[in-house]
Amino acid sequence: MSKKDSENVCFWLPNQTAGKMDVLTPHKMIVVFLIQEYLRLKKTVTDGQAHAEQPHQIEVSAGDRKRFCMLLLKLIQYPDLPYKELYGLLLSPEYGVHPVQLEEFKKLMKLLKTVGIDVMFDLYNEIDKLIMDNTASFQIGIVGLYLRKVFVTMDRMSFHEMKDLYLATIAYYDKGMHAIRLEPGSDANYTDSDSFRQPPPNQYTPIEPSDHGSHSAKWSVKQSELFIAQQSALLKENEAKALPPKELQKRLNEIIHDRPHCSQAYFLSYMNNVRVREFFGAVHALQRVFDRTPSAGAPPPATSAGASEGKDYQYSSLNLAILHAEFGHPRLARACLRECVMLAQENGDPTCLQLAHAWLSHLEGHCMPLPDKTTSGSLFHATSLHILSHLRQGSIAGRRPSELFGLLMVNDLLNCQRSMMDLVATGIAERTALWTVYGKHEQASLCAQLLLNVELKSLDKTYNGNGICQVLCALVVRLAHLGEFGHALVVLQHAKQRFPRYPQSRDWHLTDHYVSVLRALYRGRFAEANAECQHLHSYDPHLALLQFAHVALGRQDFGTAETFLAQLLADEALAPLMRIRALLLSANVHIHNGQAKAFNQLNVAQMYAQKYHLQYEEALVNLHQAYLLLTHLHAPKQAFAALKAGLETILANGPLYDRARALFLFARTLVEMERHGATDGEEAWEEAAATAQLQQLTTMLPTFEEAVEMFEKLECYSKAKDVYVYLARTYHELGEVEKRNRYSYRYRLLEEQYPTERQYLNVFL
């Protein structure tokens, strides 16, 4: 092949420029030696089969061929290895080569030192011959492309550069052999399948720059592009399988050292910094993208290459704008978004353009209209994200639930048709959140279990992104509400293992602190609950203030509780669901202070619940109204009417605590109704009322026992004591001494095991 013909080989390297030419390293030369010896062995086997009369015929099995192909794939795609690690692969059970090939390879490496640099020129001619002899198979194969790239690079090297490569290869081989000799047992250590340990997936032993001398680039263009693409996909879809942040940053620093103009490496560094909340490093990494010119020192790039570089810049501008928006720097965010819009228009990227306009609308406080049904396929991903954002805003703004769920159903159908696993998972997670907001906790639990049990696979890759973490957290909260704290802890640990880094880790951190506050409140451990509320405040200030009010009310510190609730209700940006719960707690504070303002607070909460279609919160308002009517106004019939309106909703969808106190209140109301039922003479009224009350109390006794079981399952023993106190007092008033003593004894046993200060009893939270 002439030099003119060899220049035409660059045709097989698309968009090849001088700035992107790979550096030949000793590792790459060793790979070429392995390919050369394998092809010689293959030719020997073929010639032996043609002359079957030859003795000692060599056989190469299908397993040998498969192991060598897997070895080549690993050596070509992964960065350079030290010779000791490479030699260990040649002898490993998984990648071991044929014994004859290994023996010839050892002879060639020894010959490399004795013959001299002539071996390099012979290798150049040998590669030329191999390409010509295997044209049909080398035109499209990975090995053929690899040999062509090596051949083109060697063809452009001067004699001085060839000499440096030869000396670096000798030093690389000598250092590796010296390390092997220092190992006890030498080759026997590698041949033992038990002693050979394969490195963990996505990890490798880094090579020292001194092993290569001046040829220190160990990441080729294709290797770095493959590594960046793999790690980016893993960070997006399954972070648990990606490299740890420290290890990944080390690899990225190596790539940047070898290819300082690789903008994708800086962008992956930005993603890596974000997941450990190193925001200063994330901003610095994005800014360094704009400091690099990928084609510096190279001829003008082709159109596709120029468009690719422009896309690197426009998405970096978009992410930089998002960071500034999160930091509260709207002016800088708008400047970055304007630059992103300009670049997206130049490159004709409608997806990036729509995302930039969406963020501009968000910063300006505007609401973008929903797209119609004729949306282009290229815009579908951004359109689906916009629909999901619209659903969240609609649930806060009071849109009808039927409209939101109808829109979500259409969005889920289109996502499934296009096999967009991330959008499918996010859509189901959004459905779970909507059911939770509207109080259908059983439906939310079913949606969460559906997402966790469905097989979200696309191109044999299982999705493990943000939607999965959200439904896991929803399931943890649901299990805690049902009193299954052990199971909730197991699911929470699973979420921590699957999503160890930010931003997904924020969800399970918040869930962990919320469940801890909830359990401490049930147990009456107010100091522990107060400490957890302080941790919760950094994740969700509104929820933390609400729980602070819970703790203060449980301690009967009504002044402090009123202060927290006033601070919470004064916030205009407070979500309707949180506002209703704050109003309920405020009503409890006024009840204990003996103020008639409690009814006003409950009426306001009911108005908000009806306005925003929060059916479960409306049922809780009815529950509190019934309690107020029964205990303070002594109107059991009116209390029963209010309780009846929301009892079914609470028993069907409520947490175990709400169901227990609803059953307790329901049974008390029926008993009190019998006391006020008779209307005859005074003496007859007392006897009839006592008899009816005793009969009703006996009938409702299983309901009281069920409420006690629920409270004890939640470890809320103070509320279980409230039930025993009520039963003992009622039986005492009715003259049933034996039953009174029975429930007094059960109260004393529970008090001895789980003591509670008397002032904390009978607090209706």
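**Ser224**

I looked up what Ser224 touches, leaving out residues up to four places away in sequence, and found Trp219, Ile255 and Arg259. A contact here means heavy atoms within 4.5 Å. I placed Ser224 in helix α11, residues 221-237. Helices (H or I, at least four residues) and strands (E, at least two) are DSSP runs, numbered from the N terminus. Ser224 has a relative accessible area of 0%, so I entered it as buried. The cut-offs are under 20% relative accessible area for buried, over 50% for exposed, and in between for partly exposed, with a 1.4 Å probe and protein chains only.

**Basis of the entries**

I am reading a predicted model, in which local features need pLDDT of at least 70 and side-chain atom pairs count only at pLDDT 80 or more, while totals for chains, interfaces and linings use all residues. Residues are numbered from 1 along each chain as its sequence is written, and side-chain values use heavy atoms, with hydrogens and water left out.

**The chain as a whole**

I noted 35 helices and 2 strands in the protein chain. The chain has 765 residues, and 49% of them count as buried. I also looked at contacts between residues at least 6 apart in sequence; 68% of these join residues at least 24 apart.

**Nonpolar cores**

Which residues touch the most other members of the largest nonpolar core? I found Phe704, Phe711 and Leu727, in a core of 75 residues. Helix α22 (residues 466-481) gives this core its largest share, 10 residues. Apart from this core lies another, of 51 residues, including Phe68, Leu91, Val97 and Leu108. A nonpolar core is a set of buried Ala, Val, Leu, Ile, Met, Phe, Trp, Tyr and Cys residues joined through side-chain atoms within 4.5 Å.

I then listed the contacts of Phe711, leaving aside its neighbours within four places in sequence. They are Tyr657, Ala660, Arg661, Cys716, Lys719, Ala720 and Val723.

**Helices α22 and α23**

I followed α22 to helix α23 (residues 485-498): their axes come within 8 Å and cross at roughly 165°. That makes α22 roughly antiparallel to α23. Axes are lines fitted to C-alpha atoms, for helices over the stretch in contact, and angles run from 0 to 180 degrees between N-to-C directions. Angles under 35 degrees count as roughly parallel, over 145 as roughly antiparallel, 65 to 115 as roughly perpendicular and the rest as oblique.

I entered the crossing of α22 and α23 as left-handed. That term applies if the near helix is turned anticlockwise from the far one by less than a right angle; clockwise is right-handed. On the α22 side I found Ile468, Leu472, Val476, Leu479 and Ala480. They meet Phe485, His487, Ala488, Val491, Leu492, His494, Ala495 and Arg498 in α23.

Gln493 also lies in α23. Its relative accessible area is 36%, so I entered Gln493 as partly exposed. The C-alpha atoms of Gln493 and Val476 are separated by 10.0 Å, and the two residues are 17 apart along the chain.

**Helices α28 and α29**

I looked up helix α28 (residues 576-592) and helix α29 (residues 597-611), which pack at an angle of about 165° with axes 8 Å apart. That makes α28 roughly antiparallel to α29. Their crossing is left-handed. Among the residues making the contact are Ile580, Leu583 and Leu584 of α28 and Leu602, Val604 and Tyr608 of α29.

**Cysteines**

How many disulfides does a search of the whole structure find? I recorded 0. A disulfide is a pair of cysteine sulfur atoms within 2.5 Å. The sulfur of Cys352 has its closest cysteine sulfur in Cys340, at 3.4 Å, too far for a bond. For Cys336 the closest cysteine sulfur is also in Cys340, at 9.2 Å, again too far. I entered Cys352 as buried at 0% relative accessibility, and Cys336 as buried at 12%.

**Positive phi**

Most residues other than glycine have a negative phi. I noted Arg277, not a glycine, with a positive phi of about 60°. Arg277 lies in the loop between α13 (263-275) and α14 (279-290), and at 48% relative accessibility it counts as partly exposed. Gln556 has a positive phi near 60°. I placed Gln556 in the loop between α26 (541-554) and α27 (558-569); at 28% relative accessibility, Gln556 counts as partly exposed.
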